[in-house]
Amino acid sequence: MRKIAIAAQTMTLAAPALAEAPSTDTMLGKTEQEVRQTLTSMGFEVRKIEREDGMIEAYFVGQGKMGEVYVNPQTGKPAKLKMK
């Protein structure tokens, strides 16, 4: 029984995360590091992240989609979001 439980845990950890697309209501974080961690935990790969015009700008990919988000560092939520 213990071997089955260990095998089930291993398979769960090895399964890739399914990307859940962020929305304008999604709390992404107030720092570049928090935004990167949140997008990564949602299953996306962050390609580039920087500050621009007082916003945190991040480019990310996942599920065959590309996205660009501008996050307001005071609220932690997207001010602008583009998905391609």
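A nonpolar core, as I use the term in these entries, is a set of buried Ala, Val, Leu, Ile, Met, Phe, Trp, Tyr and Cys residues joined through side-chain atoms within 4.5 Å.

**Entry 1: the model and its confidence**

I noted at the outset that this is a predicted model, and I looked up its confidence before anything else: the chain averages a pLDDT of 85, and 77% of the residues score at least 70. I marked residues 10-16 separately, since pLDDT stays under 50 there and the model gives this stretch zero contacts beyond four places in sequence. Where pLDDT is low, the predicted coordinates should not be read in detail.

**Entry 2: overall layout**

I counted two helices and four strands in the chain, which follow the pattern α-α-β-β-β-β when read along the sequence. Of the 84 residues, 31% count as buried, and the accessible surface comes to about 5800 Å², with 55% of it belonging to carbon and sulfur atoms. I also looked up the contacts between residues at least 6 apart in sequence, and found that 28% of them join residues at least 24 apart.

**Entry 3: the core**

Which residues make up the largest nonpolar core? I listed twelve: Leu28, Val35, Leu39, Met42, Phe44, Val46, Ile49, Ile56, Ala58, Phe60, Val69 and Val71. The elements that give two or more residues to this core are α2, β1 (45-52), β2 (55-62) and β3 (65-71), and the largest share, three residues, comes from β2. In soluble globular proteins, nonpolar side chains tend to be buried together.

**Entry 4: β2 and its partners**

I then turned to β2, where six of the eight residues are buried, so the strand is largely enclosed by the rest of the structure. Alanine 58 was worth a separate look: not counting residues up to four places away in sequence, it touches Val35, Leu39, Lys48, Ile49, Gly67, Glu68 and Val69.

On one side of the pairing list, β1 and β2 run antiparallel over seven bridges, with lysine 48 standing opposite tyrosine 59 of β2. These two strands form a hairpin with two residues between them, and aspartate 53 in the turn has a positive phi of about 50°. Next on the list, β2 and β3 are also antiparallel and are joined by seven bridges, among which I noted glutamate 57 with its bridge partner tyrosine 70 in β3. Here too there is a hairpin with two residues between the strands, and glutamine 63 in its turn has a positive phi of about 55°.

**Entry 5: threonine 26 and lysine 77**

Is threonine 26 buried or exposed? I found it in the loop between α1 (2-14) and α2 (32-41), and with a relative accessible area of 17% threonine 26 counts as buried, because the cut-off for that class is under 20%. A polar atom of its side chain lies 2.8 Å from the backbone nitrogen of serine 23. Leaving aside neighbours within four places in sequence, threonine 26 is in contact with Met42, Gly76, Lys77 and Pro78.

I followed the contact to lysine 77, which is placed in the loop between β3 and β4 (78-83) and counts as partly exposed at 34% relative accessibility. With the neighbours within four places again left aside, the contacts of lysine 77 are Thr24, Asp25, Thr26, Met27, Tyr70, Val71 and Asn72. I finally checked lysine 77 against leucine 28, and although the two are 49 residues apart along the chain, their C-alpha atoms are separated by 5.7 Å.

Terms used: Residues numbered from 1 in each chain as written. Predicted model: local features only at pLDDT ≥ 70, side-chain atom pairs only at ≥ 80, totals over all residues. Heavy atoms only, no water. pLDDT = per-residue confidence, 0-100. Contact = heavy atoms within 4.5 Å. Buried < 20%, exposed > 50% of the residue type's maximum accessible area, 1.4 Å probe, protein only. Polar contact = N/O pair within 3.5 Å; in protein donor to acceptor, adjacent residues only side chain to side chain. Pairing = 2+ DSSP bridges. Areas by Shrake-Rupley, 256 points an atom, 1.4 Å probe, with all protein chains shown as cover.
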